[in-house]
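Let's take a tour of a protein together. Have the picture open while you read, and look for each spot as we get to it.

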Amino acid sequence: MNATLSLIDEGVLEKIETLISEMTLEEKLGMLHGDNVYDTKGVARLGIPPFHFSDGPMGVRGEFDRETCSYVGDTGDFATAFPCITAVAATWNPEMAYENGKALGREVRGRGKDVSLSPGINIHRTPLCGRNFEYMSEDPYLISRMCVPEIQGIQENDVAACIKHFAVNNQETRRFDVNVEVDERALHELYLPGFQAAVQEGGCLAVMGAYNQFRGEYCCHNQYLMQTLLRETWGFDGIVISDWGAVHDTKKAVDAGVHFDMNVSNRYDEYYYANPLKELVEAGEISEETVNGMVRQILKMMFQLKMMEPEHRSPGAYNTHENHISARKVARESIVLLKNEENLLPLAKDFHGSIAVIGENANRMQAFSGGSSEVRALYEIPPLLGIQMHLGGNFHVQYAKGYSSNPEDTDQRETLAEEACKLAASSDVVIYVGGLNHDYDMEGQDRPDMKLPYGQDALIGRLLDANPNTVIVNMSGSPVEMRSWIDRAKAVVQYWYAGTEGGMALAEVLFGDVNPSGKLPTTFPKALEDTPVSRFGEFPGGDTVTYKEGIYVGYRYYDSFDVEPEFCFGHGLSYTEFAYTDLQLHTAQGQEGTPEVRATFTLTNTGAVSGAEAAQLYVSDTACSVARPAKELKGFEKVFLHPGESKEVSILLPKNAFCYYSTEDMDWKLEPGQFRILVGSSSRDIRLEGSVEL
Ligand code: BGC
């Protein structure tokens, strides 16, 4: 499929013009706004189908009733739950993002949808954002490299991906109207690159306008975002969809180039693009030709997605074994081994002792919660079930809940903890699965702090006292504070909302059938006070939130200001070891005479088991007329190696890898000088260093 609407051939363009000439104004308007929570109106007499949208990025959402705007409740909409998009980013493997997107796209089409409202790629600006689990990372380069194949995978199924939420939608507090102020440099260096890559490299056919305001204007009315950047600078020629209820003024949204006005009310005629737009056209304030232009673009997209010739369109498929396998593969690669002392992990495959599984998250389904990304999963294997299935029936796994998320159980807290500690003390090994759930990682609300809820810190401390061989599995979509117990825990695993097959993937990692290879896509700071928004302010702000930390988000802050995190960006251990040797740097003239650098180095698996390593390359500008972060990720490659095997990794650094965004020039600028090239296993575990003069 061409990932652009401008390559549509002449014959189709003629058909589109004929269709437009045959449509009444009402019919045209019906195509521009919701006529159900997730559908527009088609024009049946002309063979134009409605558009069907569906939420992602964790799977295809359930069906909604037109009148009640709530779930229909049939079983036909059960679907595969995929790992959350943060987990996809944690694989650090673009092939996994492609596989995830491809399987998700199959489900989208299999469920008869045309647009997947995914992936979400807003920056993890603070650990507290409730929707971090729907976003990839704190780093724009990692986001760019991972969202492009995700989008391509989705769109291979004759459906469009809709990248969201454009732009600077980094908090849930006052999400419908908060005004975001961010300087031009941070905007370009952090908040835009993912969207630009999605459009220019991923060929993303749709963009969702965010709820919030940017510099005093709602995103869906915002000329700078929607016209200057998206259309004029990046050349986007696809469709813009409002977030559900993000349009507040018909004319401003039309002028900004929003094609679809979507909402969650069942008063469909009152949508801004329904009667209000009709009145503006009739009053001559908006021309019918403008409406034609919007319809034309939508029809182009319909032809592009083969909606007008369904016999040639991919049928898709949902709940297939193939899709479940993809979900499992991604889940496996997303799991991050944060700490592993005394080789507590992996647990022996022929383990004959007693195992206790403790923690509510071990025994809780997560997929159907969290807000719009919730999925009515056909099935979901939670950790306890995954461990039991993995070990088989000869093995008796004992379970204790340990803590409860139910506020009514508060007076049970001590009893639950005591039961769990007793079980822990009498077991050889304990697997604790706690963390957050979608009462915290959720749409519409930010977290109040970074602490583990439900008294888990105290519980984990007591479990470690009762049994030092307690593996801590933290399940969350964003960083949590681990201060009170981390130094005593021998093994800690980061496990995300991992979908349908998550529990199996976790068991495979814990018992060593899969060697963990995930890396953190976001820094886990020691405490909230350490985060840049705590230091500089401001979060969540009031009417306005000013991103006072500027470019210093995530490791750009921690590494520049010497703040030691609990687990740094890019961190993730393996059951084997990797050696980095022989860094070579070659400077050359790239296209149009711009300088580029080719970095090569050798990666060797020096341990006893096969495994994969996401080798990372950071660029550091040693002297510059503007302040620059201590280092910035500019390349990575995930390499699978058998014991003793080596591979040469080669990473090309284009000119842009060395540039900063100059607010004077309003453009990217390369300031000549020396640059350090840092290669390593994480942002703080640098194994090789070199420098180039540009
Ligand atoms: C969310 C979007 C979502 C839309 C439709 C909004 O509330 O912000 O991410 O796609 O609802 O469900």
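Start at the ligand, and find Lys-164 in the model: an N or O atom in the side chain of Lys-164 is 3.0 Å from an oxygen atom of the ligand. Keep in mind that this is a predicted model. Two other side chains also have an N or O atom paired with a ligand oxygen, at 2.3 Å for Asp-55 and at 2.7 Å for His-165. How much of the ligand's accessible area does the protein cover? On its own the ligand has 310 Å² of accessible area, and the protein covers 95% of that.

Here are those three pairs side by side.

| Side chain (N or O atom) | Distance to a ligand oxygen |
|---|---|
| Asp-55 | 2.3 Å |
| Lys-164 | 3.0 Å |
| His-165 | 2.7 Å |

Now zoom out a little to the whole shell. There are 14 residues around the ligand, and the ones that come nearest are Tyr-38, Asp-55, Arg-131, His-165 and Asp-243. Sorted by class, the shell has seven charged residues, five nonpolar ones and two polar ones.

Stay with Lys-164 and His-165 for a moment, as they are joined by a cis peptide bond with omega at about -5°. His-165 sits in strand β5, which covers residues 160–166. A second cis bond runs from Phe-539 to Pro-540, with omega near 0°. Pro-540 is found in the loop between α18 (532–536) and β17 (544–546).

There's one more backbone oddity to look up. Trp-92 isn't a glycine, yet its phi is positive, at about 50°. You'll find Trp-92 in the loop between α3 (85–90) and α4 (94–110). Why do these spots deserve a look? Most peptide bonds are trans, and most residues other than glycine have a negative phi.

Next, hunt for empty space inside the protein. How many cavities of 30 Å³ or more does a search of the whole structure find? The search turns up six. The largest cavity has a volume of about 80 Å³. It is lined by 13 residues, and those closest to its centre are His-124, Thr-126, Pro-127, Glu-138 and Tyr-558. The lining of this largest cavity has seven polar, four nonpolar and two charged residues.

Finally, step right back and take in the whole chain. It has 19 helices and 26 strands. Along the principal axes, its C-alpha atoms fill a box of roughly 75 × 60 × 50 Å. Does that chain come out as compact or spread out? A compact globule of 694 residues would have a radius of gyration near 26 Å, and the chain has 25 Å, so the chain agrees with a compact globule.

Note on methods:
Residues are numbered from 1 along each chain as its sequence is written. This is a predicted model: local features need pLDDT of at least 70, side-chain atom pairs count only at pLDDT 80 or more; totals for chains, interfaces and linings use all residues. Side-chain values use heavy atoms; hydrogens and water are left out. A residue is near a molecule or strand if one of its heavy atoms lies within 4 Å of it. A polar contact is a pair of N or O atoms within 3.5 Å; within protein, one must be able to donate a hydrogen and the other to accept it, and residues adjacent in sequence count only if both atoms are side-chain atoms. Accessible areas come from the Shrake-Rupley method with a 1.4 Å probe; for residues, only the protein chains shown count as cover. Ala, Val, Leu, Ile, Met, Phe, Trp, Tyr, Cys and Pro count as nonpolar, Asp, Glu, Lys and Arg as charged, and the others, Gly among them, as polar. On a 1 Å grid over the protein atoms alone, a cavity is a set of points where a 1.4 Å probe fits but cannot get out, and a pocket is an open set with protein on both sides within 12 Å along at least five of seven lines; lining residues have an atom within 4 Å of a point. Grid points are joined across faces, edges and corners, and a volume is the space filled by probe spheres set on the points. Helices (H or I, at least four residues) and strands (E, at least two) are DSSP runs, numbered from the N terminus. The radius of gyration is taken over C-alpha atoms; the globule rule is 2.2 Å times the number of residues to the power 0.38.
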